[in-house]
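Subject: Structure handover

Hello,

Here is the structure I promised to pass on. Please open it alongside this note.

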Amino acid sequence: MCGIVAYVGSRRAYPILIKGLQRLEYRGYDSAGIALITDDNNSIVTYKQAGKVSDLLEFIGDNDTNGSIGIGHTRWATHGPPNQINSHPHSSSDGSFSLIHNGIIENYSSLKKVLEEKGYIFKSDTDSEVLMYLIECVYKTQLKESKDICGDLFYDSIRIALNEVVGAYAIVVIDKNNSEEFYAARKGSPLVIGIGNNEFFVASDASPIIEYTDKVIYLKDEEVARLNKNQEVEIKTIDNKKKSADIQKLEQSIESIEKGGYDHFMLKEIFEQPKSIIDTLRGRINPKTNDIVLGGVKDYESKISTADRLIIIACGTSWHAGLIGEYLIEDLARINVEVEYASEFRYKNPIVTNKDIVIAISQSGETADTLAALEIAKENGALTLGICNVVGSSITRTTSGGTYTHAGPEIGVASTKAFTTQVTVLLLFALRFSQLRKTVDRENYDFLINELNAVPERINQVLNLNDSIEKIALKFKDASNFLYLGRGVNFPIALEGALKLKEISYIHAEGYPAAEMKHGPIALIDEEMPIVVIATRKDNYEKVVSNIQEVKARGGRLIAIVTEGDTEVKSIADHCIEIPKCFREITPLLSIIPLQLLSYHIALMRGCNVDQPRNLAKSVTVE
Ligand code: F6R
């Protein structure tokens with residue numbers, strides 16, 4: 001979703017802003033823009049354009065880009081189409097100020113009406129311009145009424161204006177009369193401040209900052225920071241309470257956000273999965289005793305061990321991981337698990353009490369629906385835990401405890417390594433809860449821990465099949481529809497395989513529990529229809545074989561994911577991809593790999609932008 005980058009210091013701001021915008025491209029956007037206070041210190045120059053950052057660069061050409069303070073933005077359209085006027089930055093009506101904004105101002109239409117009555121004429125359709133004019137209006141009113149104008153007038157105006165706002169925002173505002181400082185504020189949308197030597201960087205996430213400094217502040221909700229290149233950072237809440245800055249060390253490396261020799265981030269991230277799973281497991285399994293230690297959950301273990309049910313809330317791919325979690329936790333720890341779409345949970349008047357444990361799963365930790373659903377769970381007294389990838393993200397701050405996935409930055413919009421590390425954490429949860437509740441005997445427990453430790457090496461074996469998967473992709477690249485089937489713990493893998501294909505190749509794909517096929521989707525099957533079936537051993541294998549026979553009898557073209565050494569499905573399916581033998585609970589971590597690769601190759605062969613698929617955003621910070 002929208003991306004923010006801003007710089008104030010003594011370097012030229014322009015290249016920093018452009019590079020920052022390029023680093024933020026992965027978030028998903030449809031227009032981009034920058035504004036700079038020019039060196040003569042008296043005007044703000046703004047460039048914005050629909051399309052990609054490369055379109056913006058072309059548009060700017062040789063125009064003036066001097067100045068050592070500026071703001072940049074990538075916009076993912078919500079209010080109004082992605083055109084030049086709706087792009088950010090938005091300037092105040094008199095051109096004195098300029099603002100970039102992420103999030104949604106929910107009461108923008110009532111604010112707009114009031115401002116229109118005061119004579120403001122809006123140029124764009126956006127809620128962000130409303131916020132800019134609101135700040136300007138408060139400033140002008142204050143200026144008129146103020147007998148003794150102190151240096152804090154603009155700071156206070158931003159603060160006061162933000163008190164009027166309902167919704168989410170991350171903003172940076174510049175004032176053409178002050179090229180030494182700008183202001184940043186957030187509520188519900190992430191914002192990171194990077195501290196350099198007499199310079200500040202601001203961004204929606206650390207990726208534009210990482211190469212300049214490792215000293216960062218994660219601004220908290222309803223905080224406004226004044227960032228003056230000659231002073232220490234100053235933070236106030238919107239109700240005017242001074243806050244001290246919590247400066248943290250950024251643990252990311254620049255390599256982690258670069259392609260490292262791969263053609264695409266998605267491919268890099270698919271191939272990183274053995275390493276990211278090692279990172280997820282690191283330090284969490286005692287090598288001598290096999291006991292699982294989850295630091296962020298430890299304090300709540302007695303509540304978990306007596307819980308009647310767990311509720312998992314998530315969206316998209318994270319919801320699929322949650323469904324796998326349901327199978328794993330119910331099977332191993334015998335706790336009832338309900339998995340809910342966060343967007344449904346939040347509006348359905350959910351039954352949730354102080355006896356419940358609600359687990360939010362989110363790669364970004366910023367998904368608006370998941371955050372809102374969590375708030376409801378908290379209001380009703382439930383214990384809330386998170387499974388997140390992004391350290392310090394909003395969900396990790398909202399929950400009482402939880403576990404990081406440690407997948408490292410995921411830049412490709414289609415989630416791959418974030419998903420498998422979420423499933424890995426859920427396996428750790430299931431096994432730990434099974435220990436607490438004594439539902440799995442020691443021998444099976446130790447066996448499962450060994451199986452879990454063997455996953456990275458087994459994924460490497462599946463990744464070695466990349467070339468043969470590419471050949472299969474070539475045969476199916478022109479299909480218009482796909483059906484994915486799986487049973488048990490591999491049913492969510494069918495859903496996830498279908499989602500991967502549709503989001504990056506734009507081929508319509510559906511995932512179904514294999515047995516459900518007869519209740520409807522079987523009508524779709526003909527010679528044109530490719531069907532991907534997960535038919536691994538030990539997971540209702542014979543039943544899946546029957547489903548495969550039914551598909552074959554109707555002429556469907558079959559790609560099957562099978563266990564190595566399989567002969568039965570091989571004799572029926574058109575193409576088989578073998579994955580190593582493993583315990584049933586572990587299979588999803590292996591069976592998803594060929595499906596990720598299949599989607600990647602098909603999308604590439606169809607000329608799609610695999611890292612930044614159309615209309616999609618990496619972090620969905622609006623509902
Ligand atoms: C699909 C994908 C999305 C996300 C969903 C939730 O590849 O990435 O479906 O899983 O938007 O995002 P997080 O996990 O950040 O809450």
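Below are notes on the ligand site, the salt bridges and the cysteines.

First, the ground rules. This is a predicted model, in which local features need pLDDT of at least 70 and side-chain atom pairs count only at pLDDT 80 or more, while totals for chains, interfaces and linings use all residues. Residues are numbered from 1 along each chain as its sequence is written, and side-chain values use heavy atoms, with hydrogens and water left out.

**The ligand site**

The shell around the ligand has 15 residues. A residue belongs to it if one of its heavy atoms lies within 4 Å of the ligand. Ser318, Ser362, Ser364, Thr367 and Glu503 come nearest. By type, the shell divides into five nonpolar, eight polar and two charged residues. Here Ala, Val, Leu, Ile, Met, Phe, Trp, Tyr, Cys and Pro count as nonpolar, Asp, Glu, Lys and Arg as charged, and the others, Gly among them, as polar.

Three contacts involve oxygen atoms of the ligand. A polar backbone atom of Gln363 is 2.7 Å from a ligand oxygen. For Ser415, a backbone N or O atom lies 2.9 Å from an oxygen of the ligand. Lys500 uses its side chain: a polar atom there lies 3.0 Å from a ligand oxygen. The ligand has 400 Å² of accessible area on its own, and the protein covers 90% of that (Shrake-Rupley method, 1.4 Å probe). Helix H9 (316-333) and H17 are the elements that give two or more residues to the shell. Helices are DSSP runs of H or I with at least four residues, strands are E runs of at least two, and both are numbered from the N terminus.

**Salt bridges**

Side chains of opposite charge can pair when their charged atoms come close. The structure holds 39 salt bridges (a side-chain nitrogen of Lys or Arg within 4 Å of a carboxyl oxygen of Asp or Glu).

Lys500 turns up again here. Its salt bridge is with Glu503, with the closest N and O atoms 3.1 Å apart. The two residues sit three apart in helix H17 (residues 491-505), so about one helical turn separates them. Both Lys500 and Glu503 are buried (under 20% relative accessible area; exposed is over 50%, partly exposed in between, with a 1.4 Å probe and protein chains only).

Elsewhere, Asp152, Asp156, Arg159, Glu181, Arg226, Glu234, Lys236 and Lys242 are joined into one network by salt bridges that share partners.

What does Lys140 pair with? One partner is Asp94, with the closest N and O atoms 3.2 Å apart. This pair links distant parts of the chain, 46 residues apart: Lys140 is in helix H4 (residues 127-145), and Asp94 is in the loop between strand S5 (90-91) and strand S6 (97-102). Lys140 is partly exposed at 33% relative accessible area. Asp94 is partly exposed too, at 38%.

Glu136 also forms a salt bridge with Lys140, at 2.7 Å from N to O. Both lie in helix H4, four residues apart, about one turn of the helix. Glu136 is buried, with a relative accessible area of 0%.

**Cysteines**

How many disulfides does the structure hold? Zero (the cut-off is a pair of cysteine sulfur atoms within 2.5 Å). Cys576 is in no disulfide, and its nearest cysteine sulfur, in Cys582, is 16 Å away. Cys576 is partly exposed at 25% relative accessibility. Cys608 counts as buried, at 13%.

Best wishes

Note on methods: A polar contact is a pair of N or O atoms within 3.5 Å; within protein, one must be able to donate a hydrogen and the other to accept it, and residues adjacent in sequence count only if both atoms are side-chain atoms.
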